[in-house]
Amino acid sequence: MAALPGVTRAVLNFAAATLTVEGTFDPKAVIREAAAHDGVTASLEAGEAGEAAVRPWQLPEVRTLVAGLAILAGWAVQLAAGPSQLALSLFAAATLAGGY
């Protein structure tokens, strides 16, 4: 694994049956290389594939922005004497988006 371009460190943990690879590399190349040895099954674990695996809605900044926009929208609906159900729904959405 360490011979692959961009791999700076590779550690195989036999007890946990995991391979930890560090560096800036192509994850698919690592999977192909691992699968080429004795029929090893290789896959990326969720959240372990580096920056490319992070989905936008998982970023705290995005969730905070969505929550803030929902709070502002709920406040605007409430200020404009709009439907209270809508304002309440927007406040609930802000709470869920913020993760609380």
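Helices are DSSP runs of H or I with at least four residues, strands are DSSP runs of E with at least two, and both are numbered from the N terminus. By this convention Trp75 belongs to helix H2, which spans residues 60-79. Every view below shows a predicted model.

**Figure 1. Overview of the protein chain and its three helices and two strands.** Read from the N terminus, the order of elements in the protein chain is β-β-α-α-α. The protein chain has 100 residues, of which 12% count as buried. Its exposed area is about 7,600 Å², and carbon and sulfur atoms supply 63% of that area. Among contacts in the protein chain with a separation of 6 or more, 23% are between residues 24 or more positions apart.

**Figure 2. Close-up of the salt bridge between Glu22 and Arg9.** A search of the whole structure yields one salt bridge. In the pair formed by Glu22 and Arg9, the closest N and O atoms are 3.2 Å apart. Glu22 is part of strand S2 (residues 18-23) and Arg9 is part of strand S1 (residues 7-13), so the pair ties together parts that are 13 residues apart in sequence. Glu22 is partly exposed, at 35% relative accessibility. Arg9 is likewise classed as partly exposed, its relative accessible area being 46%.

**Figure 3. Close-up of Gly6 and the residues that it contacts.** Gly6 is found in the segment before S1. With neighbours within four places in sequence left aside, the contacts of Gly6 are Glu22, Gly23, Thr24 and Phe25. Gly6 and Phe25 are 19 residues apart along the chain, yet their C-alpha atoms are separated by 4.6 Å. The relative accessible area of Gly6 is 32%, and the residue is therefore partly exposed.

**Figure 4. Close-up of Thr24 in the loop between S2 and helix H1 (27-35).** Thr24 is exposed, because its relative accessible area is 70% and the cut-off for this class is over 50%. When residues up to four places away in sequence are not counted, Thr24 touches Pro5 and Gly6. A separation of 6.3 Å is found between the C-alpha atoms of Thr24 and Val7, which are 17 residues apart along the chain.

**Figure 5. Close-up of helix H2 and its buried residues Ala67, Ala70, Gly74 and Val77.** Around the axis these buried residues cover an arc of only 90 degrees, which places them on the same side of H2. The other side of H2 carries the exposed residues Glu61, Thr64, Leu65, Leu72, Trp75 and Leu79. The cover over the buried residues of H2 includes helix H3 (84-98). With 20 residues, H2 reaches 28 Å from its first C-alpha to its last, close to the 28 Å expected at 1.5 Å a residue.

**Figure 6. Close-up of a nonpolar surface patch of about 580 Å².** The residues that make this patch are Leu65, Leu69, Leu72, Trp75 and Leu79. Of these, Leu65, Leu72, Trp75 and Leu79 are exposed on the side of H2 other than that of its buried residues.

**Figure 7. Close-up of Ala81 in the loop between H2 and H3.** Ala81 follows H2 and has a positive phi, near 55 degrees. This positive value occurs although Ala81 is not a glycine. As a general rule, most residues other than glycine have a negative phi. Ala81 is exposed, with a relative accessibility of 68%.

**Figure 8. Close-up of helix H3 and its buried residues Ala87, Ala94 and Ala97.** The arc that these buried residues cover around the axis is only 90 degrees, so they lie on the same side of H3. Exposed on the other side of H3 are Ser84, Gln85, Leu88 and Leu96. The buried residues of H3 pack against H2. H3 comprises 15 residues, and the distance from its first C-alpha to its last is 21 Å, close to the 21 Å expected at 1.5 Å a residue. Gly99, just after H3, takes a positive phi of about 85 degrees.

Note on methods:
Residues are numbered from 1 along each chain as its sequence is written. This is a predicted model: local features need pLDDT of at least 70, side-chain atom pairs count only at pLDDT 80 or more; totals for chains, interfaces and linings use all residues. Side-chain values use heavy atoms; hydrogens and water are left out. Patches are made of residues with over 30% relative accessible area and no salt bridge: like charges are joined within 9 Å, nonpolar side chains (Val, Leu, Ile, Met, Phe, Trp, Tyr) within 5 Å. Accessible areas come from the Shrake-Rupley method with a 1.4 Å probe; for residues, only the protein chains shown count as cover. A salt bridge is a side-chain nitrogen of Lys or Arg within 4 Å of a carboxyl oxygen of Asp or Glu. Buried means under 20% relative accessible area, exposed over 50%, partly exposed in between (1.4 Å probe, protein chains only). Contact means heavy atoms within 4.5 Å. The expected span of a helix is 1.5 Å times one less than its number of residues. The arc is that of the directions from the helix axis to the C-beta atoms.
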